[in-house]
Amino acid sequence: MEIVTRRLGEALPGERIESALTPGINALKTFDPPFSAIDGAAFTGARRRGKLLLLDVDTPSRGALVLLVHLMSAGRIQLFDKRASLRDKTSRVLFRVPVPTHPDRELRVREFGTKQRAWVKLLVPEAVDADEALAHLAPEAWPEPPDDLAERLAAPRPLHSLLRDQRVIAGIGRTWVDDILHAAQLSPFKRGDDLSDAELEALRDAMVSELGRVIDYYEEHVQLPLPEKFPKPTRVHAHQGEPCPRCETVLEAVFYEDYVMTYCPHCQTEGRVLKDRRLSRLLK
Ligand SMILES: [Zn+2]
C-alpha cells in the first residue's frame, strides 16, 4: 500500500474527478456526504495508514473530503488510460479523471475473486480519525517502530500473530511477518511478553530493514497503472523446501487454512520443526 500511495500521490493531485460510479453495489460504505459530492472534485493528496489508502479531495459543494479505501485481501486500485468494460466484473468503484492527453483515464477500485469485501468511504476530514477502520490502528512499523514497542508486544501471544495485529503495530501483513522474524532470528511462536531487550532490538531492526528492503524494491519495480499482481520479493515467506538464505538449512512451514508460515529451524527455533497443522489434521 505504501508504493500504491506513492504512485497515486505523484499522479493524482491536481487532477479532477469528472464523475464516479459504483458498480460494486456494496463497495460504498457511506451515504453522508453523498457520493455525488465528489463530481468535479480535485485530488489534493494521497496518504496511507496501515493498509488503508486516504485520498484527499477538494469538492465544489462540500469543500475538503477524504476518500478512505480499504482493498482487503483481493482488491486493487489502478489508474488506467482506458475506461473499464461494462462487463468487467472486477469493477467496484470507478473515478473518471480525464486529462487532455488521456480523456478516458480512470481510477479503478477492483476486486478479484467472488467475495466483495473491498470498500470505499467518503468522509468529512474530521470524521477520518474516528472512523472504525482507523480508530484502533496502532502506530506504524515503518519507517520507525514506536518507542513503546516493548509495551505493545508485551502480551502472552505468539509473535507471528501479534505482529500482524494492526491494533498492536500497523503495516505488517502475513507475507512480511515471516521475513521480519527470520531477520530477527526469532521463533514465530515465541511470546511477545517473553522477549529479552536484545531480542526486542533485533525485532525492531528487522522491521525497519525488511520493510525498507521491500519498499525499495517496489520503488524500483512498480509503476503506473499499478499491477494486478504485485511481485513478492520475499526471502523466506513461501520458500519452504528451499535453503535458508542465512544458513542453508531447509526452510520449514506451518500451513494454515488460508496462509503459510515459513521459518528456518536452525536460525529461529533451535532446531525444532514446528507442528504442521495441515499434516496433523490429516493424521487425526
Ligand atoms: Zn537459517
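In strand 3, the residue that bridges to Arg47 is Leu54, and this pair is a convenient place to start reading the model. The model is a predicted one, in which local features need pLDDT of at least 70 and side-chain atom pairs count only at pLDDT 80 or more, while totals for chains, interfaces and linings use all residues. Residues are numbered from 1 along each chain as its sequence is written, and side-chain values use heavy atoms, with hydrogens and water left out.

**The open sheet**

Arg47 and Leu54 bring us to strands, which, like helices, are DSSP runs numbered from the N terminus (H or I of at least four residues for helices, E of at least two for strands). Two strands are said to pair if DSSP finds at least two bridges between them. Strand 2 and strand 3 (residues 52-59) run antiparallel and are joined by 7 bridges, one of which links Phe43 to Val57 in strand 3. These two strands form a hairpin with 2 residues between them, and Gly50 in the turn has a positive phi of about 60°. Strand 3 also pairs with strand 4 (residues 63-70), in the antiparallel sense and over 8 bridges, with Leu52 standing opposite His70 in strand 4; here the hairpin has 3 residues between its strands.

Together these strands belong to an open sheet of 4 strands, with the order 2-3-4-8 and antiparallel pairing. Its edge strands, each pairing on one side only, are strand 2 (42-49) and strand 8 (119-123). On average, neighbouring strands of this sheet are turned by 20° against each other, direction ignored. Helix 1 (residues 2-11) packs on the sheet and touches strand 2 and strand 3, its direction making about 165° with that of strand 2; such angles run from 0 to 180 degrees between N-to-C directions, along axes fitted to C-alpha atoms, for helices over the stretch in contact. Strand 3 is largely enclosed by the rest of the structure, because 7 of its 8 residues are buried, where buried means under 20% relative accessible area, exposed over 50%, and partly exposed in between (1.4 Å probe, protein chains only).

**Strand 7 and its partners**

All 6 of the 6 residues of strand 7 (residues 106-111) are buried, so this strand too is largely enclosed by the rest of the structure. In a regular strand the side chains alternate between the two faces of the sheet. In strand 7 both faces are covered, with Glu106, Arg108 and Arg110 buried on one side and Leu107, Val109 and Glu111 buried on the other. The table lists two pairings of strand 7.

| Partner of strand 7 | Sense and bridges | Residue facing Val109 |
|---|---|---|
| Strand 5 (residues 75-80) | antiparallel, 6 bridges | Ile77 |
| Strand 6 (residues 91-96) | antiparallel, 5 bridges | Val93 |

**Cores and helix 6**

A nonpolar core is a set of buried Ala, Val, Leu, Ile, Met, Phe, Trp, Tyr and Cys residues joined through side-chain atoms within 4.5 Å. The largest nonpolar core has 57 residues, of which Phe95 and Leu203 touch the most other members. Helix 7 (residues 197-221) gives the most to this core, with 8 residues. Apart from this core lies another, of 10 residues, among them Leu52, Leu54, Leu134 and Leu137.

If residues up to four places away in sequence are not counted, Leu203 touches Leu153, Leu159, Leu163, Ile180, Leu181, Ala184, Leu186 and Leu195, a contact being heavy atoms within 4.5 Å. Helix 6 (residues 174-183) is mostly covered, with 8 of its 10 residues buried, including Trp176, Ile180 and Leu181. What covers the buried residues of helix 6 includes helix 5 (159-162), helix 7, strand 10 (260-263) and helix 8 (265-268). After helix 6 comes Gln185, whose phi is positive, near 55°.

**The zinc site**

The protein donors of the zinc ion are Cys244 (SG), Cys247 (SG), Cys264 (SG) and Cys267 (SG), which lie 2.2 to 2.4 Å from the ion. Donors are N, O and S atoms within 2.8 Å of the metal (3.2 Å for Na, K and Ca), and sites may look incomplete, as water is not among the atoms. The donor residues are spaced C-x2-C-x16-C-x2-C in sequence. The 4 donor atoms subtend angles of 101 to 115° around the zinc ion, so the arrangement is tetrahedral, a word used for four donors if all angles lie between 85 and 135 degrees. Cys264 counts as buried because its relative accessibility is 0%, and Cys267, at 8%, counts as buried as well.

Methods
Four donors count as tetrahedral if all angles lie between 85 and 135 degrees; four count as square planar and six as octahedral if opposite donors are over 155 degrees apart and all others between 65 and 115; anything else is irregular.
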